[in-house]
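This report covers annotated spans, helix packing, ring pairs and backbone geometry. The model and its sequence come next.

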Amino acid sequence: MSNKEVKAALKSARDAIRNKEYKEALKHCKAVLKQEKNNYNAWVFIGLAAAELEQPDQAKGAYKKAIELEPNQLLAWQGLANLYEKPGQINVKGDLADVYQKLLELYESDDKQKWCDVCNKLVELYHEEKKYLEVAETWQKLIRMKQEEGAEKTELHQLWKKMIQLLKDSTRNQDNKTGQLLLTAFEHALNSADMVPGEDHQHLYKDFIQCLSKFPHEVARLEKACHDMMALYPTVSYPLEVLCLHFIHSGTLSEKALHCFSRLLEMDASSGPGIIGFGIKCFKEKKYKEAVKSLTEGLQKTNQCPAAWHYLAEAQMKIHEHRNAVLSCNQALEALGAPEGPNLRWKNLVLQLKAEALIKIADAYAAEEAIKALEQIVNASSDPVVSALRGQAYLSKGLMDQASKISQELLLSHPDLAEAHALEGFIHYSQKNYEQAEKSFLKAIEKKDGTAEYHQYLGLTYWFMSDETKKDKGKALSQFLKAAKLDSYLGSAFCYLGNYYRDIAGDKSRARGCYKKAFELDETDEESGTAAVNLSVELGDMDTALSILNEVTGKARPGTAKWAWLYRGLYYLRTGQPSQAVADLQAALRADPKDFNCWESLGEAYLNRGSYSTALKSFRKASELNPGLVYSIYRAAALEQILGKYENAIATYQQILKKTENYVPALKG
C-alpha cells in the first residue's frame, strides 16, 4: 500500500467513524497497520471505534500503543480520557487521574480554557476519592493560572471560596499540609471579599475561626483571627465565645482568659461559654458552690465542652457530691468521643477523677466501676497515683490481697509518695491495726500535709485505738479540727467533732453546732441531722429542732428522709397536734412500710384525732409486723370495745392475758 493509499484508508476510517460505522472503520485501520504498524492515527481510530463498540480492553490497548508511539500528542490522551470517563468503567480512577495530569501538561501552553476544564475534572475526581491534599494543590494551580491571566478580584474570591468548600470535610483526618492550604484559602477569601464589613464576609470569618479551632497547634492564629473579627464586628459575640472555649479547653486561666470571660458576659449575660468561664474563675478562687452553680448553668447552654464537664466534676468533688461528679465525668467522656492528641490528656484526667469519685462512694459496685475506669487510662501502669487509686478500689471491693500487693510495690518503688503511705494506712485501718495505721497516716501527712482526708483518718484511728487516745485533745480532736480547717466542706469531719464534744467533752452546745454544720454540708447525713435535733431538744431549743426538721421534710422526695418525718410526727403527737402527726407518720411509713413502731405511733395519732377505725387498722398492722407488741394488741382490743365489737375485744384481751397473765389494762378491759 502506497503512502497515498494509506492516507485514503485513514480518511475512509475517519468518515466511517463520523457515520457511526465503527466496524468499517476498524477494517480500514487494520489495513493501514498491515502496511504501517506504527501509524499513530490508525491506533487512535481503532481506540475510538472499539470504545464505541463496547470493547474497552481493545480500545485501551490501542490508545496506549498510540501514546507509546507519540507520548506528547493530544488525540490518544483525549481518547483515553473519554474511555475512562464512560459509565461502568471499573478501577480506572487512578489511571484517569494520570491521564488528566498529562492533559494539563499538554494544554498548559496552548489552550487555557481546556486546561481549566480538565483541572476541574481532576479536582472533582480527587474529591470523590477524598484525596484532599491533591484537591488543594490542583485547585491552587487553577487559581494561579487565573491570576496569571489577570482574573478579576471577584472571580478569584469565588475560586478561594470553592476551595474552602472542597476541603471542608478534610479537617477530620487531614495532614498538616492540607490544613495549611485550607487556612490559606480562608485568608485569601477574606482578603478578596468586596463588602467588608458585610454579611457574607462575617459568615466567612465565622467559618474560618471554627476551622482554626480544630487545629490545636494554631493557637496564635486563632487568637489573631478572633481579635481581628471582633475589631470588624464589635457587636458579634461569636469570636469571643470561641476564644473563651479555647481558654477553657487549654486548662489555663491567664489574665487574658479572665478578661475574655468578663467581656463576653458584658456583651451577652446568657452566653454559655461566658458563664462556664465565670464558673471556672469561681473554682480557682475556691468558691466551689458558686462554681457548681455557674458551670451547671453554662453547660445547659454549651454542653459539648468536655473541659467544662471536668471542671464541674472537680468542683462537685470539692463539696463531696461524689455521685454528681461521676455523672459529670460521664458527660465529659461522651463529649470527648474517641479522642486523640490533646483530647487524650483530657480523657485520662476525666477517667482518673471518675475513679476517685467512685471510690469515695465506697460500695462494691462503685469500686468495680472505678477499676474499669482506671483500666481505660492510657499508660496507667506507669503512674503511681493511679496505682494507689486502684489499690483503694480493691480495698473498697474487699479484695485485701490485691490492695496489699499494690501497697507493698508502691512503698518499694515510690517511698516518698504520700498516696502510697495513705493506701497502707487505709488497709491497716480497715483491719483495725490502729497502731500500724497511725504510723502510715503520719508518714502520708509528712509527705503531703494539706490533705484533709489523711488527718480525718488519723483522727478516726485515735478515736478507735483506745479510750486514752480518744479523750486526748492532742490526738483525735486535734486531727478532726485540722481536717475541718483544711476542707470546710468535709461534713464527716464536723460530725466526728460533734461526737467528741458530745461524748467526751460533754459540751452539748458546741456538739450541736458541729452536727448542724455537718448536716448543712451533707443533707443525706441522718446521723448528724438526728443528733442536731436531739441536742436542740435537750437544750430546750425546739425552734432550732423544728427548723431542721422542716427544712429536711420540705426538700424530701416521697419515700425519703424517714427519720425527719418520724421525729416531727412524734413531736406533733406529744404536743397535741394529731392531724399533723398523722401526715408526718404516713410520710415516714412511705419510706419504711415495715416499721412497726411507726405504725403504733400512727395508731396513737389516729386515736387522738378520734379516727377509731383507722387507728384500729394501724395497731393491727403494728402487731402483725411484731406480734410481741402487747401495747398495740391492747389498743386494738380497746378500740374494738369502743366500736361495739365486744366479742372481738374479749378474744383479743384473752390473747394478751395468755401471754402476759397480769397485764392490768387487759384485765380491766
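Helices here are DSSP runs of type H or I with at least four residues, numbered from the N terminus. The model is predicted.

**Backbone outliers**

Lys20 sits in the loop between helix 1 (3–18) and helix 2 (22–35). Its phi is near 65 degrees, a positive value in a residue other than glycine. Lys20 has a relative accessible area of 64%, so it is exposed, the cut-off being over 50%.

Ala561 also has a positive phi, about 55 degrees, and is not a glycine. This residue lies in the loop between helix 31 (542–555) and helix 32 (562–574). Is Ala561 buried or exposed? Ala561 is buried, because its relative accessible area is 16% and the limit is under 20%.

A further backbone feature is a cis peptide bond. It runs from Val196 to Pro197, with omega near -10 degrees. Pro197 belongs to the loop between helix 10 (176–191) and helix 11.

**Annotated spans**

The UniProt record, an unreviewed entry, gives "coiled-coil region" for residues 3–39. In the model, that span is 81% helix and 0% strand. Its end C-alpha atoms lie 12 Å apart. Lys20, with its positive phi, falls in the loop between helix 1 (3–18) and helix 2 (22–35).

The unreviewed UniProt entry also carries the annotation "repeat: TPR". It covers residues 40–73, 418–451, 562–595 and 596–629. Residues 418–451 are 79% helix and 0% strand, with end C-alpha atoms 10 Å apart. For residues 596–629 the helix share is 82% and the strand share 0%. The end C-alpha atoms of 596–629 are 9 Å apart.

**Helix packing**

Two packed helices are described by the angle between their axes and the distance between the axes. How do the axes of helix 11 (residues 199–212) and helix 13 (residues 238–250) cross, and within what distance do they come? They come within 10 Å and cross at roughly 5 degrees. Angles under 35 degrees count as roughly parallel, so helix 11 and helix 13 are roughly parallel to each other. Helix 11 contributes Lys206, Ile209 and Gln210 to the contact, and helix 13 contributes Tyr238, Pro239 and Val242. By class, the contact has 4 nonpolar, 1 polar and 1 charged residues.

**Aromatic pairs**

A pair of aromatic rings is described by the distance of the centres and the angle of the planes. Rings of Phe, Tyr and Trp pair if their centres lie within 6.5 Å. How many aromatic pairs does this rule give? The count is 17. One of them joins Tyr311 and Trp346: the ring centres are 6.5 Å apart and the planes stand at 65 degrees, so the pair is edge-to-face. Tyr311 is in helix 17 (residues 306–318) and Trp346 in helix 19 (residues 342–361). The two residues are 35 apart, and the pair links distant parts of the chain. Tyr311 is buried at 5% relative accessibility. Trp346 is buried at 3%.

Ring pairs also build a cluster. It links Phe426, Tyr429, Tyr434, Phe441, Tyr457 and Phe464.

**Buried residues and their contacts**

Three residues are set out below. Neighbours within four places in sequence are left out of the contacts.

| Residue | Place | Relative accessibility | Contacts |
|---|---|---|---|
| Leu156 | helix 9 (residues 153–167) | 14% | Ile143, Lys146, Gln147, Ala151 |
| Ser407 | helix 22 (residues 400–413) | 4% | Ala420, Leu423, Glu424, Ile427 |
| Thr302 | loop between helix 16 (288–301) and helix 17 | 18% | Leu245, Gly272, Pro273, Ile276 |

Leu156 counts as buried at its 14%. Ser407 counts as buried at 4%. Thr302 is in a loop, yet at 18% it counts as buried. One contact of Thr302 is Leu245.

One long separation closes the account. How far apart are the C-alpha atoms of Leu156 and Gly540? They are separated by 87 Å, and the two residues are 384 apart along the chain.

Methods: Residues numbered from 1 in each chain as written. Predicted model: local features only at pLDDT ≥ 70, side-chain atom pairs only at ≥ 80, totals over all residues. Heavy atoms only, no water. UniProt positions renumbered as here; feature names shortened; annotations may be inferred. Buried < 20%, exposed > 50% of the residue type's maximum accessible area, 1.4 Å probe, protein only. Contact = heavy atoms within 4.5 Å. Axes fitted to C-alpha atoms, helices over the stretch in contact; angles between N-to-C directions. Parallel < 35°, antiparallel > 145°, perpendicular 65-115°, else oblique. Nonpolar A, V, L, I, M, F, W, Y, C, P; charged D, E, K, R; others polar. Phe/Tyr/Trp six-rings, centres within 6.5 Å; stacked < 30°, edge-to-face > 60°.
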